[in-house]
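Biologist: Please take me through the structure shown below, with the terms explained as they arise.

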Amino acid sequence: MAKKRLVSGMRTTGSLHLGHLEGTLKNWVALQDTYDCYFFAAVWHAFTDRLKIDNLPEIIREMIVDWLSVGIDPEKAVIFRQSAMHEHAELSTILANCTPLGWLERCPTFKDAVRDDEARSGVSLGKLMYPVLMTADIAVYNAEAVPVGKDQLPHLELSREIIRRFNGTFGEILTEPEAVLSQVPLLIGIDKRKMSKSYNNGIDLRETPDGLKSKIQQMITDPQRVRRNDPGDPEVCTVYAYHKIYTPDRLEEIAQGCRTASLGCRDCKLMLFERLNAMLDPIRSRRAEIEARKGYIEEVLDAGEKRAHLVATEVMQNIRKVMGFLL
Ligand code: TRP
Ligand code: SF4
């Protein structure tokens, strides 16, 4: 039986952190065997809230290297850059016309961006168009499945409506994609807020052992636990939130040790360091192997973009035909 086609993108906003790994990449790796996967660097989407991205070529390269180091396999998945695919832009221009302005203005991420007049003045048309471009990313491959986190669900719902509207006018040309929801743990930043580039509170995938140690040292524990002998409450502690994900086999022991003060925060943090470092180590060695192969990333993208063009060309030709662009 033919595998279903699945499309997903990741914005090129900078170095990847553990949130990308847990929230997206581990899921992508798992999906590679069951779906015909198309994974791309969402370069244009990264520009929807900034004018310029310094060192973009390095950001793109490192992102692809990181994908491969965690197990995305170019033999299984099609890997490419959105910015190398003019078909996405063409379809986005077309779909913009079957998207009512109100749908975009009501989108939660947009509403959040234009909270007040001051915020509004800094918001671009690109930001408003974000879901339209995303719809084009998906529809240009006639993807049947899109893996999304909860935060992206409103975008995908919009995509389905835009596609339905297009099909309502031109016939069943585009495929309405289904959401593939993943059970992803929510990773908080070292300061207990959401892990995010803009808060600078993330643990990078490229963290050195020393860097990792220092990040874990900065993690906020139970503030009530001032002295070593004070009992703690693991449920308010950032370190424990990480143990929940990375040390499930010893969770009870840690919670107990914290509550009875038989476990100190230093040792507790050391345990977490060992776990995270053991997870990052094989990723580091695979990254070193990949980085030693000169021209390899260019090869992977070249091959991926050729394969992606094969599909996108055919879908676009169909659209051009039904819309009457061809004489
Ligand atoms: N909006 C997605 C995110 O920020 C990235 C993205 C762009 C995407 N285009 C897409 C995801 C198409 C899935 C399908 O995570
Ligand atoms: Fe947090 Fe561990 Fe310290 Fe308890 S012992 S407060 S769980 S770091």
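Modeller: Contact means heavy atoms within 4.5 Å. The model is predicted: local features need pLDDT of at least 70, side-chain atom pairs count only at pLDDT 80 or more, and totals for chains, interfaces and linings use all residues. Side-chain values use heavy atoms, without hydrogens and water; residues are numbered from 1 along each chain as its sequence is written, while chains are lettered from A and ligands numbered from 1 in the order in which they are written.

Biologist: With which residues is Glu22 in contact, leaving aside its neighbours within four places in sequence?

Modeller: Glu22 belongs to helix H1, residues 18-31; helices (H or I, at least four residues) and strands (E, at least two) are DSSP runs, numbered from the N terminus. Its relative accessible area is 8%, so Glu22 is buried; buried means under 20%, exposed over 50% and partly exposed in between, with a 1.4 Å probe and protein chains only. Beyond that sequence window, the contacts of Glu22 are Val184, Pro185, Leu187, Tyr246 and Met279.

Biologist: With which side chain does the side chain of Glu22 make a polar contact?

Modeller: A polar contact is a pair of N or O atoms within 3.5 Å; within protein, one must be able to donate a hydrogen and the other to accept it, and residues adjacent in sequence count only if both atoms are side-chain atoms. For the side chain of Glu22 the distance is 2.9 Å, and the partner is the side chain of Lys26.

Biologist: What covers the buried residues of H11?

Modeller: Helix H11 spans residues 238-246, and its buried residues are Thr238, Val239, Tyr240, Tyr242, His243 and Tyr246. Tyr246 is also one of the contacts of Glu22. The cover over the buried residues of H11 includes helix H13 (265-292), helix H12 (251-259) and H1.

Biologist: How many helices and strands are in the secondary structure of the protein, and what is its radius of gyration?

Modeller: The protein has 14 helices and five strands. The globule rule gives 20 Å for 327 residues, and the protein is as compact as a globular protein of that length because its radius of gyration is close to that, at 22 Å. The radius is taken over C-alpha atoms, and the rule is 2.2 Å times the number of residues to the power 0.38. To repeat the results, the counts are 14 helices and five strands, and the radius of gyration is 22 Å.

Biologist: Which residues are closest to ligand 1?

Modeller: A residue is near a molecule or strand if one of its heavy atoms lies within 4 Å of it. By that rule 13 residues surround ligand 1, and the closest are Arg11, His45, Tyr130, Asp137 and Gln152.

Biologist: How much of the area that ligand 1 exposes when taken alone does the protein bury?

Modeller: Polar atoms of the protein approach both kinds of ligand atom: an oxygen atom of ligand 1 is 3.2 Å from a side-chain N or O atom of Arg11, and nitrogen atoms of the ligand lie 2.6 Å from such an atom of Tyr130 and 2.7 Å from a polar side-chain atom of Asp137. Alone, ligand 1 exposes 370 Å², of which the protein buries 90%. These areas come from the Shrake-Rupley method with a 1.4 Å probe; for residues, only the protein chains shown count as cover. The buried share for ligand 1 is thus 90%.

Biologist: Which elements each supply at least two residues of the shell around ligand 1?

Modeller: By class, that shell has seven nonpolar, four polar and two charged residues. The elements that each supply at least two of the shell residues are strand S1 (4-11), strand S2 (35-42) and helix H8 (125-139).

Biologist: Is Ala261 buried or exposed?

Modeller: Ala261 sits in the loop between H12 and H13, and its phi is positive, about 60°, although it is not a glycine. With a relative accessible area of 11%, Ala261 is buried.

Biologist: Does Asn200 count as buried or exposed?

Modeller: Asn200 has a positive phi near 50° and is not a glycine. Its place is the loop between strand S5 (178-181) and helix H10 (209-218). The relative accessibility of Asn200 is 67%, so it counts as exposed.

Biologist: What is the relative accessible area of Pro177?

Modeller: Pro177 is in the loop between H9 and S5. Outside its neighbours within four places in sequence, its contacts include Ile138, Ala143 and Leu156. Pro177 is buried, and its relative accessible area is 0%.

Terms used: Ala, Val, Leu, Ile, Met, Phe, Trp, Tyr, Cys and Pro count as nonpolar, Asp, Glu, Lys and Arg as charged, and the others, Gly among them, as polar.
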